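Subject: Structure handover: salt bridges

Hi,

Here is the structure I promised to pass on. Please open it alongside this note; my findings on charged pairs follow below.

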Amino acid sequence: MFKPRTLSMLIAATALAGCQAVNTTSGGAVGVERKQYMFSMLSTEQVNQMYAQSYQETLSAASSKGVLEKNSAISKRVNGIAQRLIAKVPVFRPDAAQWDWEVNVIDSPELNANCGPGGKIIFYTGLIEKLKLTDDEIAAVMGHEIAHALREHGREAMSKAYGVQMATQVGSAMGVGTGGLQLANMGVEYLMTLPNSRGNENEADLIGLELAARAGYNPNAAITLWEKMGSAGGSAPPEFMSTHPSSSTRTAALKANIPKVMPLYEQARSGR
């Protein structure tokens with residue numbers, strides 16, 4: 001009979017066996033280097049297509065409600081910032097220049113923004129208006145979100161979910177009881193899921209910081225952005241913070257990396 005620790009490691013290994021090790025982006029000046037494990041039967045194109053469909057459904061719903069901003073001042077502002085950032089994505093991922101990028105603004109009080117797989121960006125007016133974001137701060141948010149897409153964190157998360165499902169099926173086939181499966185799944189969670197979720201946020205912070213700097217936006221705005229996020233909403237933090245938790249560790253990491261990208265910002269500013 002397998003011991004719980006041996007079992008959890010065996011099942012984790014089984015889950016990883018269906019994955020391939022990749023590194024979706026180059027390291028850049030901030031040095032983001034980490035092997036990512038992607039489920040071999042879940043391609044970038046499949047995930048991009050799945051998200052594109054969901055994205056269009058969101059836009060259709062917003063349009064039917066009359067809240068999809070098309071030619072407003074805030075829409076033009078967001079699109080202008082996005083185009084400068086998108087122009088710099090080949091530094092980290094050359095093939096992303098050929099993605100079907102879309103940028104849309106929804107008139108809503110939500111303090112939220114997102115860039116999904118394949119470069120599908122949505123900004124909510126509430127984030128900009130309620131927090132009185134500067135262009136540099138908008139670029140900090142958008143750079144962070146674009147970084148998630150470049151690193152394919154969505155496909156990575158789906159791959160982990162597939163891996164856990166596969167591991168559970170293997171455990172059942174081995175005749176493991178419910179208690180044993182719970183222990184095994186806990187082992188899989190700690191071995192595969194939790195460390196990467198924290199790591200993904202750090203990667204998005206750093207790549208986003210560099211993207212913004214290369215596009216000519218002040219990297220120090222990342223600090224003021226998270227300060228505004230942290231103080232917004234009082235006891236009810238913004239929706240954005242539920243998936244992008246703030247911490248002193250995050251701020252410290254950003255401050256430590258700003259000197260690495262400041263020359264890129266200065267070069268971009270001097271070239272404009």
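A network of salt bridges links R34, R151, E156 and E203. Keep in mind that the model is predicted. The salt bridge count comes to 13. Three pairs are described here.

R34 and E203

Within that network, the side chains of R34 and E203 form a salt bridge, 2.5 Å from N to O. R34 sits in the loop between strand 1 (19-22) and strand 2 (36-39), while E203 belongs to helix 7 (residues 178-214), so this pair ties together parts 169 residues apart in sequence. R34 has a relative accessible area of 17%, and E203 has 5%. Buried means under 20%, so R34 counts as buried, and so does E203.

D205 and R250

Helix 7 also holds D205. D205 makes a salt bridge with R250, and their closest N and O atoms are 2.6 Å apart. R250 is in helix 10 (residues 248-271), so the pair connects parts that are 45 residues apart in sequence. Both D205 and R250 are buried.

R214 and E210

This salt bridge joins the side chains of R214 and E210 at 2.8 Å, N to O. Both residues lie in helix 7. They are four residues apart, about one turn of the helix. Which of the two is buried, and which is partly exposed? E210 is buried, with a relative accessible area of 0%. R214 is partly exposed, at 24%.

Best wishes

Terms used. Residues numbered from 1 in each chain as written. Predicted model: local features only at pLDDT ≥ 70, side-chain atom pairs only at ≥ 80, totals over all residues. Heavy atoms only, no water. Salt bridge = Lys/Arg side-chain N within 4 Å of Asp/Glu carboxyl O. Helix = DSSP H or I, 4+ residues; strand = E, 2+ residues; numbered from the N terminus. Buried < 20%, exposed > 50% of the residue type's maximum accessible area, 1.4 Å probe, protein only.
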